Amino acid sequence: MSDLRITEAFLYMDYLCFRALCCKGPPPARPEYDLVCIGLTGSGKTSLLSKLCSESPENVVSTTGFSIKAVPFQNAILNVKELGGADNIRKYWSRYYQGSQGVIFVLDSASSEDDLESARNELHSALQHPQLCTLPFLILANHQDKPAARSVQEKIQD
């Protein structure tokens, strides 16, 4: 066999090895889902998302307006729009609902009766909103570690 044919054979084998190891194409894209995260100020929305994104809890500052975080999981990515929960911001929540595929509602289970009533009203409003009423809702009762936290039964009865 001539040197040229040997070189061609090695080049072809290199090419096949390269294709087998490196060129299977990009990994399949993970599906992405757009979620909206709502709840009153201080309920723990920002802390929750920071924890899911492996960020330091020390730098958590209450959200004014909104923020968007990409929460990576092994099989999917959640693009979460966190909306601030202050009184003057809640009236704008519905402007950010479009395109959402699910809702995370964070409730401070250790809040005052007045705040719990406000949270209940906001949750009912979100459940009835035309852009959200058919979507899956995840309701998280946060701050269960606080002494004033209500039990699950107390929250269910409300």
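**View A. L132 in the loop between α4 and β5.** In this predicted model, L132 is found in the loop that links α4 to β5 (137-142). L132 counts as buried because its relative accessibility is 0%, under the 20% cut-off. Leaving aside neighbours within four places in sequence, its contacts are V36, Y97, S100, V103, A126 and F137. Y97 is 35 residues away from L132 along the chain. Even so, the C-alpha atoms of L132 and Y97 are separated by 7.2 Å.

**View B. Y97 and the largest nonpolar core.** The largest nonpolar core holds 16 residues. V36, I38, Y97 and L132 have the most contacts inside this core. Three elements give two or more residues to it: β1 (32-38), β4 (102-108) and α4 (113-128). The most comes from α4, which gives four residues. Another core lies apart from this one and has eight residues. Among those eight are C37, C53, V80 and V106. Back at Y97, neighbours within four places in sequence are again left aside. Y97 is then in contact with V36, I38, L83, A126, H129, Q131 and L132.

**View C. Helix α4 and its buried face.** Helix α4 has 16 residues. From its first C-alpha to its last, α4 reaches 23 Å, close to the expected 22 Å. Its buried residues are L116, A119, R120, E122, L123 and A126. Seen down the axis of α4, these residues fall within an arc of 170 degrees, so they line one face of the helix. The face turned away from the buried side carries the exposed residues E113, D114 and Q128. What covers the buried residues of α4 includes β1, α3 (87-90), β4 and β5.

**View D. S109 and its polar partners.** S109 has its place in the loop between β4 and α4. S109 is buried, because its relative accessible area is 0%. A polar atom of the S109 side chain lies 2.5 Å from the backbone oxygen of N142. The side chain of S109 also makes a polar contact of 2.7 Å with the side chain of Q144.

**View E. The hairpin of β2 and β3.** Strands β2 (residues 66-72) and β3 (residues 77-83) run antiparallel. Seven bridges join β2 to β3. The two strands form a hairpin, with four residues between them. One bridge pairs V71 with L78 in β3.

**View F. S54, a residue with positive phi.** S54 lies in the loop between α2 (45-52) and β2. Its phi is near 60 degrees, a positive value in a residue other than glycine. S54 counts as exposed because its relative accessibility is 70%, over the 50% cut-off.

**View G. H143, a buried residue with positive phi.** H143 sits in the loop between β5 and α5 (152-157). H143 is not a glycine, yet its phi is positive, at about 65 degrees. With a relative accessible area of 15%, H143 is buried, because buried means under 20%.

Technical notes. Residues numbered from 1 in each chain as written. Predicted model: local features only at pLDDT ≥ 70, side-chain atom pairs only at ≥ 80, totals over all residues. Heavy atoms only, no water. Core = buried A, V, L, I, M, F, W, Y, C linked by side-chain atoms within 4.5 Å. Buried < 20%, exposed > 50% of the residue type's maximum accessible area, 1.4 Å probe, protein only. Contact = heavy atoms within 4.5 Å. Pairing = 2+ DSSP bridges. Polar contact = N/O pair within 3.5 Å; in protein donor to acceptor, adjacent residues only side chain to side chain. Expected span 1.5 Å × (residues − 1). Arc of directions from axis to C-beta.
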